[in-house]
Amino acid sequence: MGEIFGGIFVGKEESDTKVLMDALQGCCSCPCHASGSDCCSCVQEDHVSVPQLLSKIKGPWALIYWQAKSKILWFGRDAFGRRSLLVHWPSLSDSRLLLSSVAPFESNKKGDSGRNEYVGAQYQSYNYMLVNGTEGTDDLEYWDELACGIYSISLETTKGSGCNGRDSSLMLVGRVKKHSWSNPQLKKLLEWERDLVEPGSNDSIISKSNCCNLDVDNIFGKDNCWKSSVTERKSAKLGYQEFCNADQMKDSQIPYDLSSFATFSGDIRIDSSSAQTTGFQQMAEILKDSSICSVQRVLFALKQAVMRRACQSRSNKIIEEEERIAKCSPIAVLFSGGLDSMILAALLDQCLAPNCEIDLLNVSFDGPHAPDRISAKAGVIELQRIAPLRRWRLVEIDADPSNLQSETNYLTSIIHPAKTYMDLNIGTALWLAACGEGWVEEVELLQGEDDCCLYESHSLSTRHNRFKCKKYRSEAKILLIGSGADEQCAGYGRHRTKFRLGGWVALQEEMKIDIQRIWKRNLGRDDRCIADHGKEARFPFLDEDVMSTLLDIPLWEIADLDKSAGQGDKKILRQVARLLGLDGASIIPKRAIQFGSRIARESNRRNFGSNRAANQASAGSTVIHCLRE
């Protein structure tokens, strides 16, 4: 399961799953590859091995593949763990190797007998094993997140010894081997060693030498770049059309050319003519910074990443098929109105066909009073300003933790092996968002009035006066999420602490740790919660090219933690937001989903009595009570 966004060519009308299966069947089947050797004659004849093929893939994946010719079982997940894969390694109590995308619900329950009991499963069919727990915490440790990488088991049959020394059965015996990534880009990203960490006397020279000749016309377009006419709106979609028709563009790579930034001109605009001067002044301030070339590179890489995830493979077919329909929402955004989700929404607007609506999924555990709900409503207004012809649909998903007890018991299994209250809070918010069921505000149309005419001819205030709420469920199967932005751009509070105590080097080391453990702390859990509703999470900030771009940029251009929150943290993304016209979003401080939605506050009150008691108990890292009882 997963998506191929590059590395292996997938034609416009092809299924990436079929392309990958065909490529796997063409891989060298020499047994030597299970031991990590690539010295066979087949490889010398340009036949790649399975690890070499999988190392080429750009995009999220997890797989189990049986290579019949060599009797080798291959399994693994992408280098950053964007798709879930759990493993039970053989132990004294259970000698089987089990692989699953999610832990079965019953595996977190305790048996009455106090010993291991395997329910409803046979040895020859254990792809969905139900496991009752044991005394202590053995049941909690039955499943582990499979560490990112490519694994192989070369299986052989051997006879087992039965009673009276007679052979009574055949056994499968194999040795697990973990293989190295052969892709130099992945190796560099996993090491996360940045060349330029500390600013010095030559930092400006470095920045200027890496910076290209800038031309405002090339970046924003020559004429009328601040207008919001229908003609400009259509020209802004040029990038979408070019991308969808680029059959010959290998791996969906768009040549790096600053003139291509002219496609942003239709979406970076200010409605009123009186605001043109202010807008150009803001752009002039940004252009004074020698790091603008870095900002452009990040913006370009992010747009490519969103474009690939919006128009690639099966989602491309969905969009093209539904272009004939007046309203469609093939892709949604997990939306808080914060910096990351606003950037994704603005870029998605530039990548989707003009008549597609965009669902913005917002979760609140405190109704209209949650910080994320407040910022989401403000964010929609800002998106309507820069893209007034797009139909933005804010889906307000309200929840009460006290009414989620049955879902909570189920979600402890979904997030497993993650097991803290923080994991449960984040998982619950993501799970509800992926469901996509909430309320939307729709404009009441007058008799004979068309909604397109309303959006084109009426002001925002006119439309707001005619809103009514109705029940709505998002049908989008793809959900864009901002995961990875904080880890790569110093968005967490601990990054500021490390910088204060140890300077730039300490900050770089903390960010390196975050990248190298994101698979275990975040991505597997998040993927399971979203996939439970049949939705697919896509992470543009964790696109390989976006990550490479951010890693190549000097750390002091990524963040400036001498400045206050909302300014210095994720500095480069705030500059990207301003280039997109998202001035309000560019100054919003970081807010984690469990705090912005206020599920953490409600969880603390329910499980610890108060926020204060929860803080004293370090609630975020405390194991969930129902798992320990």
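What follows is a short look at two strand pairs and the nonpolar cores of this predicted model.

Strand β2 is a handy place to start. This strand spans residues 72-77, and six of the six are buried, so β2 is largely enclosed by the rest of the structure. Its side chains split between two directions: I72, W74 and G76 point one way, while L73, F75 and R77 point the other, and all of them are buried. The partner of β2 is strand β1 (residues 62-67), which runs antiparallel to it and is joined to it by six bridges. Within this pairing, I64 sits opposite F75. Four residues lie between the two strands of the hairpin, and K71 there takes a positive phi near 55°.

Further along comes a parallel pair. Strands β11 (residues 358-364) and β12 are linked by seven bridges, with L360 matched to L394 of β12. To get from β11 to β12, the chain passes through helix α13 (residues 371-386), making a right-handed β-α-β crossover. Strand β12 itself (residues 392-398) is mostly covered, with six of its seven residues buried.

Then there are the cores. The largest nonpolar core holds 127 residues, and L360, L383 and L573 touch the most other members. Helix α10 (residues 292-311) supplies the largest share of this core, 11 residues. As for L573, its contacts beyond neighbours within four places in sequence are V298, L302, L339, D340, I343, A485, C489 and F541. Another core, of 10 residues, lies apart from the largest one and includes F75, L85, L146 and Y151. F75 is thus a familiar name, being the β2 residue that stands opposite I64.

Methods. Residues are numbered from 1 along each chain as its sequence is written. This is a predicted model: local features need pLDDT of at least 70, side-chain atom pairs count only at pLDDT 80 or more; totals for chains, interfaces and linings use all residues. Side-chain values use heavy atoms; hydrogens and water are left out. Buried means under 20% relative accessible area, exposed over 50%, partly exposed in between (1.4 Å probe, protein chains only). Two strands pair if DSSP finds at least two bridges between them. A crossover is right-handed if, with the strands pointing away from the viewer, the path from the first strand over the helix to the second runs clockwise. A nonpolar core is a set of buried Ala, Val, Leu, Ile, Met, Phe, Trp, Tyr and Cys residues joined through side-chain atoms within 4.5 Å. Contact means heavy atoms within 4.5 Å.
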